[in-house]
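Please open the structure in your viewer and keep the selection tool at hand. This tour goes from one selection to the next and says what is found at each stop.

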Amino acid sequence: MENRLFFERLDRLYEDKIRLLLKIERERDHIGYYSLPKQNIEPILEFRDSFDDKIETIVVLGIGGSSLGAKAIYKFLEPMEKLKRNLIFFESTDPLNIASNLKDINMNKTHFLVISKSGGTVETISIFKYIYASNQDSNSYTFITDRGSNLEKFAKDIGSKVLYLPNSVGGRFSVLSVVGLVPLALSGIDIEALLKGADEVCNSFFNDGKFKDVLLDKALFYAKNQNRYNMNCIFAYSETLNYFTQWYVQLWGESLGKKQRNSSFNVGLTPIGLIGPKDQHSFLQLIMEGTRDKSITFIKLNSFEHKLYIPNITLRHLESLDILNGISFHKLLTMQSDSVMEALQNEKDIPIDEIILPNVDAKSIGSLIYYYELLTSLVGELLDVNTYDQPGVESGKIILKDKLENL
């Protein structure tokens, strides 16, 4: 993976970089996601290898951090890999969505992963109740939760398997833990390659590699310019990255939109996920001629396995578009991205950078996932917020439970 910055790198902030690195080094001692690339995954591989071959579909019952990361990786790799099992995600209490998903499931060939840190997630447990009412076979379920949670107690009561979340890993940083690795491994994705990609970014950052300065420079630019550029857009030039942008929106929004630690001052950077080229025909107009409050990261793929070419034919009345003849769709997509980047660079006051993924494979997406987790932690430290809590979300949950109790 490569990352090139096209905005001013703040070299004068050398001392800020040193202070930031020291804080992140201290944070590694008690925030669990940092060590996930180096975890022992033998128990997960053994679980995968012992799994019932008759199972064709894995259903993930989870919401937010319990599902978005695994879904992002699965949807990125699905078009390119011959996977062993389908993954379906139940993330919403929308009855239309639940009914639609259930239509695609053969209950006799489906295994359900119920993921909730505490067991108190309203969305997850309400959907589980609906499914469990018609299928109470304990072998159909595996529960992923905290040790000692009420969900663990329920799972043990009915005799289902329980897997445990690692300590100090919050939901939106949990994709490289058992939360994401188990469903991905069961679907046939190479989780060893996934972690290898993450580990390369981790090693590079913490051992003076190529990602150290680029991540520090990017985080410092975002934090120092938060009042001017308070919207951070990802413009991903592949439909396979659509769910990655959704994962990024949760990661960025829930981590950085906070009150500062030692004051009541509200801060935050608004995440926006875009897919090129389709959003060139909508949101790009706002970027080009709207308020200058947005930074843009372009994500491109260096290689597509599918070589599709525009046929060398002429369409009557559309002869001017014969300039497309013989061009591969990959080249056209790259040219579209490059043209938009050049147009934005010409504006001078729109900060952009470019991430290039070498391939559509597990290692590439593992690198990208860990890169954004690190970037989030760095920016959170600079904004002086607790990157790992979510009091704004919790307040809404408390109100909902009060409403349910008073029905």
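Select Ala133, which is exposed, with a relative accessible area of 61% (exposed means over 50%, buried under 20%, and partly exposed in between, with a 1.4 Å probe and protein chains only). Ala133 sits in the loop between helix 5 (122-132) and strand 5 (141-145), where helices (H or I, at least four residues) and strands (E, at least two) are DSSP runs numbered from the N terminus. If you add Glu152, 19 residues apart from Ala133 along the chain, the C-alpha atoms of the two are separated by 19 Å.

The model is a predicted one, in which local features need pLDDT of at least 70 and side-chain atom pairs count only at pLDDT 80 or more, while totals for chains, interfaces and linings use all residues. Residues are numbered from 1 along each chain as its sequence is written, and side-chain values use heavy atoms, with hydrogens and water left out.

Next, select helix 7 (residues 178-187): 10 of its 10 residues are buried, so this helix is largely enclosed by the rest of the structure. Just after helix 7 comes Gly188, which takes a positive phi of about 105°.

Now go to Glu354 in strand 12 (residues 352-357); is this residue buried or exposed? Glu354 is buried, with a relative accessible area of 2%. Its side chain makes a polar contact with the side chain of Arg4 (2.3 Å), and the side chain of Glu354 also makes one with the side chain of Lys300 (2.6 Å). A polar contact is a pair of N or O atoms within 3.5 Å; within protein, one must be able to donate a hydrogen and the other to accept it, and residues adjacent in sequence count only if both atoms are side-chain atoms.
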